[in-house]
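Colleague: Please take one part of this model and walk me through it closely. I would like the sheet and what surrounds it, in plain steps.

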Amino acid sequence: MSSVNYDVGVVTFNDLLGFRKKVEIHPASDIKKVVDRFAESATPRDWEKDIASNEDVVRMVSFSDSVVRFLPLRSISATFREVLSLVHIQSELIRQDILIRGGMAHGEVLFDERGAFGPAFVEAY
């Protein structure tokens with residue numbers, strides 16, 4: 001069995017306020033646009049690709065009205081980058097009457113295609 005270790009980074013647990021009402025009255029295509037906005041923000045923009053390695057990419061999982069994001073801490077700017085991303089996401093979602101709230105934590109997390117857990121995840125939640 002291979003060794004499994006936590007990674008250190010910034011975790012945000014985001015709750016989409018007003019999402020339940022949107023799901024009840026809007027088509028799936030509109031709801032997908034909201035979730036896609038979080039995914040787009042996790043993809044480095046052209047200017048970021050020069051300064052970010054593959055290890056600096058935000059990992060994300062969404063379920064229902066929650067979005068969890070993880071950014072490995074490779075530099076001191078990781079926390080700032082995540083806050084700035086969330087500011088941009090909120091500025092777009094407010095136009096759709098959706099606010100985000102949540103928690104942010106720095107610490108150990110295991111985040112892969114099957115899920116996320118760890119002390120920082122629990123703290124962000």
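**The sheet and its surroundings**

Modeller: Start with Met 104, which is found in strand β4, residues 99-112. Keep in mind that the model is predicted. Met 104 has a relative accessible area of 35%, so it is partly exposed: the value lies between the 20% limit for buried and the 50% limit for exposed. Met 104 also belongs to a nonpolar surface patch, together with Phe 80, Val 83, Leu 84 and Val 87. Together these residues have about 440 Å² of accessible area. Helix α4 gives the most to this patch, with 4 residues.

Now step back to the whole chain. It has 125 residues, and 38% of them count as buried. Its secondary structure comes to 5 helices and 5 strands. Read from the N terminus, the elements run β-α-α-α-β-β-α-β-β-α. The chain exposes about 7,900 Å². Carbon and sulfur atoms supply 56% of that area. Then there are the contacts. Take those between residues at least 6 apart in sequence: 65% of them join residues at least 24 apart.

Next, the sheet itself. It is open and has 5 strands. Their order is β2-β3-β1-β4-β5, and the pairing is antiparallel. Compare that with the order along the chain, and trace each strand on the screen. The edges are β2 (59-63) and β5 (115-117), and each of these pairs on one side only. From one strand to the next, the twist averages 35°. What holds such strands side by side? Strands of a sheet pair through backbone hydrogen bonds, either parallel or antiparallel.

Look at β3 now, residues 66-72. On one side β3 pairs with β2, in the antiparallel sense, over 5 bridges. Two pairs of residues let you see this. Ser 62 stands opposite Val 67 of β3. Phe 63 stands opposite Ser 66 of β3. β3 also pairs with β1, again antiparallel, over 7 bridges. There, Val 11 has Phe 70 of β3 as its bridge partner.

How many residues of β3 are buried? The count is 7 of 7, so the strand is largely enclosed by the rest of the structure. To see how that works, think about the two faces. In a regular strand the side chains alternate between the two faces of the sheet. In β3, Ser 66, Val 68, Phe 70 and Pro 72 are on one side, and they are buried. Val 67, Arg 69 and Leu 71 are on the other side, and they are buried too. Both faces of β3 are therefore covered, as each of these residues falls under 20% relative accessible area.

Now follow the chain round the turn between β2 and β3. This hairpin has 2 residues between the strands. Ser 64 is found in that loop. Its phi is positive, about 50°, although Ser 64 is not a glycine. Ser 64 has 63% relative accessibility, so it counts as exposed, being over the 50% limit.

A second loop has a residue of this kind. Asp 97 is found between α4 and β4. Its phi is near 60°, a positive value in a residue other than glycine. Asp 97 reaches 67% relative accessibility, so it counts as exposed.

Go back to the sheet and find β1, residues 7-17, which holds Asp 15. Is Asp 15 buried or exposed? Its relative accessible area is 14%, so it is buried. Set aside its neighbours within four places in sequence. Asp 15 is then in contact with Asp 65, Leu 99, Ile 100 and Arg 101.

Finish at helix α4, residues 78-93, where Leu 93 sits. Leu 93 has a relative accessible area of 0%, so it is buried. Which residues touch Leu 93, leaving aside its neighbours within four places in sequence? They are Leu 16, Val 34, Phe 38, Ile 98 and Ile 100. Phe 38 lies 55 residues from Leu 93 along the chain, yet their C-alpha atoms are separated by 9.9 Å. Ile 100 is also among the contacts of Asp 15. Find Ile 100 on the screen, and you can trace from it to Asp 15 and to Leu 93.

Notes. Residues are numbered from 1 along each chain as its sequence is written. This is a predicted model: local features need pLDDT of at least 70, side-chain atom pairs count only at pLDDT 80 or more; totals for chains, interfaces and linings use all residues. Side-chain values use heavy atoms; hydrogens and water are left out. Two strands pair if DSSP finds at least two bridges between them. Axes are lines fitted to C-alpha atoms, for helices over the stretch in contact, and angles run from 0 to 180 degrees between N-to-C directions. Buried means under 20% relative accessible area, exposed over 50%, partly exposed in between (1.4 Å probe, protein chains only). Contact means heavy atoms within 4.5 Å. Patches are made of residues with over 30% relative accessible area and no salt bridge: like charges are joined within 9 Å, nonpolar side chains (Val, Leu, Ile, Met, Phe, Trp, Tyr) within 5 Å. Accessible areas come from the Shrake-Rupley method with a 1.4 Å probe; for residues, only the protein chains shown count as cover. A salt bridge is a side-chain nitrogen of Lys or Arg within 4 Å of a carboxyl oxygen of Asp or Glu.
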